[in-house]
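Me: Could you take a close look at one helix of this protein for me? I would like to know how it sits in the whole.

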Amino acid sequence: MNKYHRSSLQLIFIVTMTLILSTYWLDLEIGYGIIFLIIAVGYTIYLNFKASRREQREE
């Protein structure tokens, strides 16, 4: 598996676990911090796929 794809999957796992723990275990509402985290992770995943494509073109 490509290092960029593995990193993206790890980020998705981290966000999923954060959402599950904060909403069900800690009984917190989804606030602006969680929404910002989701947006930041989405942008990071976009950059990972962009870097992956650039690396494939260079090979």
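Reply: Happy to help; here is a look at helix H2 and its setting. This is a predicted model, where local features need pLDDT of at least 70, side-chain atom pairs count only at pLDDT 80 or more, and totals for chains, interfaces and linings use all residues. Residues are numbered from 1 along each chain as its sequence is written, and side-chain values use heavy atoms, with hydrogens and water left out.

The protein has two helices and zero strands (DSSP runs, H or I of at least four residues for helices and E of at least two for strands, numbered from the N terminus). Helix H2 covers residues 32-58, 27 residues in all. From first C-alpha to last, H2 reaches 39 Å, close to the 39 Å expected at 1.5 Å a residue (that is, 1.5 Å times one less than its number of residues).

Which residues of H2 are buried? They are Ile-34, Val-41, Ile-45, Asn-48, Ala-51 and Ser-52, where buried means under 20% relative accessible area with a 1.4 Å probe, protein chains only. Helix H1 (3-25) is included in what covers them.

Now for the setting. Of the 59 residues of the protein, 17% count as buried. The C-alpha trace spans about 50 × 20 × 5 Å along its principal axes. Among contacts (heavy atoms within 4.5 Å) between residues at least 6 apart in sequence, 63% join residues at least 24 apart.

Notes: Buried means under 20% relative accessible area, exposed over 50%, partly exposed in between (1.4 Å probe, protein chains only).
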